[in-house]
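Student: I should like to learn how to read individual features of a protein model. May we take them one at a time?

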Amino acid sequence: MWATKQLTRNENINQVNQAVLDDRHLELHKAEDPYCNFSGLHNVHLLVSNMVAKKMPYFIWTVRRNVIDCNYLHRDQMMNHYGRNASFTTKARLCMNLRKLPSHLDESADTFFPRCYLFSEMEDERTLCNDFRLTGAISILKWVIYNSANAPQSSSTEQGQMNTNDTEGPKATLVTDSRKPNKTTCQLSTALIETAIKVCEEFLQTLMRAGKYFEVNISPILSQKDWANLIEQHYSLIRNEATIPGSHNYLIDCQNILNRLKSVRPQLEIDGIRNIWIVKPAAKSQGRGIKCVDRLDKFLKLKDFDPSLENTKLVVQKYIEKPLLIYDTKFDIRLWFLVTDWNPINIWFYKDCYLRFSTQPFTLENLDSSVHLCNNAIQKRLKPSVNRNPLVPKESMWSSNQFQDYLRIKGHGNIWQETVYPSMKKAIICSLVTVQAIVQARKNNFALYGADFLLGEDFKPWLIEINLSPSMSRSTSVTAILCANVQEDTIKVVIDRKYNSKCNIGRFECLSKQERKYLSKTAHSLQATILSKDKYRFWVTAID
């Protein structure tokens, strides 16, 4: 038995060393890095790798988490992955596990994670269809408000967007194109508004009875044909192909309904008015296969006619139609965090992060990924549009320090420290708590993750996804500095701190005492067995 285990361990060591060599070869054959000249170092790296190929590695860093079985590692060996951490680093698993958040903490994922559904699950498809229809009805009420306000329209940006070139704050405008209704514009009956009000009123009443939003199904007050007509007329309104004479007579009723909805739908503002959704492959990265759709009803029907979609695992998520813009350009934020233990959970947040800009000016008229996906893997292949504001950095990146400087100039000097950064930390904490009992924890393991966020017009962060092996590519002058720093500081936390608890840990900061107290209080109150819908039992681990 001992010999068999030792043989397996030796084989695992060989796998580790081969993985290290393979990773080195991958790095050396990547595209030329303009910020780091490897010429003259290639042979040195290969020579050193070959010299230690037969030795047991005590520090293992690999981008391929499945190449090594942690069960056969020596207890002193360190590795940069945990088992089963796909439970929150794939889009589908993150979506599913965040639904359990109310069972762990007194929080709802709807406050920081856009509504999300699995396209391959029958129950999710039904709930998605209900949500899509309800969002369409709510958008009609919003159209009444915006149309009655007769707000000025702009051809350069979508309505509802915050113009961050001045300091007057957000301006509410109608989310349609800048074309004026022409002679062929059709006139719709006010019965459409009455139907939308009826749908929203029924939703509020059902929600009051059910108590939980996710479990609410809209009552079948409309037939399939009526729903199809409502959705079609909604699209006609937002594209200025139709109007509703006398809509101003329903202004107060629509405003009252929207005010009531705001208290139960935290995403009411970021939903916008176009009912746009984003479709993502469940387990792919770097923006592959992601697309935005403004006719989700037609996309859902494709499953009945396209056999390739029948067993395809897709995630459908509500698109954030009203993001914060900088110089009329969309951006997202990449934040690193390090986990060094899961019981008790030990999270280290990196205080320096960076912004990734789109190469195209923001618009909802064009749903191409070049406009709406800020992922560097996509944007680095594109040239900045001639229509993009020249004040956007040429490299399409900013450090968080540059962003804070920008916010101070615009009169929002404290918004990063008071709202943005703390809210991003809270979203990560909530995400990890839901999988604490699932992840395969092991002493001496650690993991560095990358979380992506979008900001709403009110500077509220919205979690998009969490990446298992965030890119450390020095593709710009910003990442050339930050990626090197975060890797060096990670070593300080996971190695230096083992021998000196007061050592320099760079720009990392651990959970604050207040955050630990919050987690500990909620975790101890949940020392009970939770029975989920699929009858799967698990225990919530107390945090000391």
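Student: Which residues is proline 361 in contact with, leaving aside its neighbours within four places in sequence?

Tutor: In this predicted model, proline 361 is in contact with Asp328, Val371, Ser385, Asn387 and Arg388, once neighbours within four places in sequence are left aside. Proline 361 is found in the loop between β11 and α11. Its C-alpha is 9.0 Å from that of proline 384, and the two prolines are 23 residues apart in sequence.

Student: Is proline 361 buried, exposed or partly exposed?

Tutor: The relative accessible area of proline 361 is 21%, and "buried" requires a value under 20%; proline 361 is therefore partly exposed. For contrast, consider serine 139 in helix α6. Serine 139 has a relative accessible area of 2% and is buried. Not counting residues up to four places away in sequence, serine 139 touches His234, Gly272 and Ile273.

Student: How is the packing of helix α6 and helix α9 to be read, and at what angle do they pack?

Tutor: One reads the angle together with the distance between the axes. Helix α6 (residues 122–149) and helix α9 (residues 251–262) pack at about 125°, and their axes are 9 Å apart. The two helices are therefore oblique to each other. The crossing of α6 past α9 is left-handed. On the α6 side, the contact is made by Ile138, Leu141, Lys142, Val144, Ile145 and Ser148; α9 contributes Leu251, Cys254, Gln255, Ile257, Leu258 and Leu261. By class, this contact of α6 with α9 comprises nine nonpolar, two polar and one charged residues.

Student: How should a pair of aromatic rings be described?

Tutor: A pair of aromatic rings is described by the distance of the centres and the angle of the planes. The structure holds 19 aromatic pairs. In one of them, the ring centres of tryptophan 336 and tyrosine 354 are 5.6 Å apart and the planes are at 55°, so the pair is tilted. This pair links distant parts of the chain, with tryptophan 336 in strand β9 and tyrosine 354 in strand β11, 18 residues apart. Both tryptophan 336 and tyrosine 354 are buried.

Student: Which residues do ring pairs link into a cluster?

Tutor: The cluster consists of Tyr327, Phe331, Phe357, Trp398, Phe403, Tyr406, Trp416 and Tyr421.

Student: Can burial also be read for an element, and how many residues of helix α4 are buried?

Tutor: Burial may be counted residue by residue along the element. Six of the eight residues of helix α4 (residues 91–98) are buried, so α4 is largely enclosed by the rest of the structure. The buried residues of α4 are Lys91, Ala92, Leu94, Cys95, Asn97 and Leu98. For the protein as a whole, 52% of the 544 residues count as buried.

Student: What is the phi of arginine 84, and what is that of asparagine 275?

Tutor: Phi of arginine 84 is near 60°, a positive value in a residue other than glycine. Phi of asparagine 275 is likewise positive and near 60°. Arginine 84 is found in the loop between β2 and α3 and counts as exposed at 57% relative accessibility. Asparagine 275, in the loop between α9 and β6, is buried, with a relative accessible area of 0%.

Student: Which form, cis or trans, has the peptide bond from asparagine 343 to proline 344?

Tutor: The peptide bond from asparagine 343 to proline 344 is cis, with omega near 0°. Proline 344 is found in the loop between β9 and β10.

Notes: Residues numbered from 1 in each chain as written. Predicted model: local features only at pLDDT ≥ 70, side-chain atom pairs only at ≥ 80, totals over all residues. Heavy atoms only, no water. Axes fitted to C-alpha atoms, helices over the stretch in contact; angles between N-to-C directions. Helix = DSSP H or I, 4+ residues; strand = E, 2+ residues; numbered from the N terminus. Parallel < 35°, antiparallel > 145°, perpendicular 65-115°, else oblique. Left-handed = near helix turned anticlockwise from the far one by under 90°. Contact = heavy atoms within 4.5 Å. Nonpolar A, V, L, I, M, F, W, Y, C, P; charged D, E, K, R; others polar. Phe/Tyr/Trp six-rings, centres within 6.5 Å; stacked < 30°, edge-to-face > 60°. Buried < 20%, exposed > 50% of the residue type's maximum accessible area, 1.4 Å probe, protein only.
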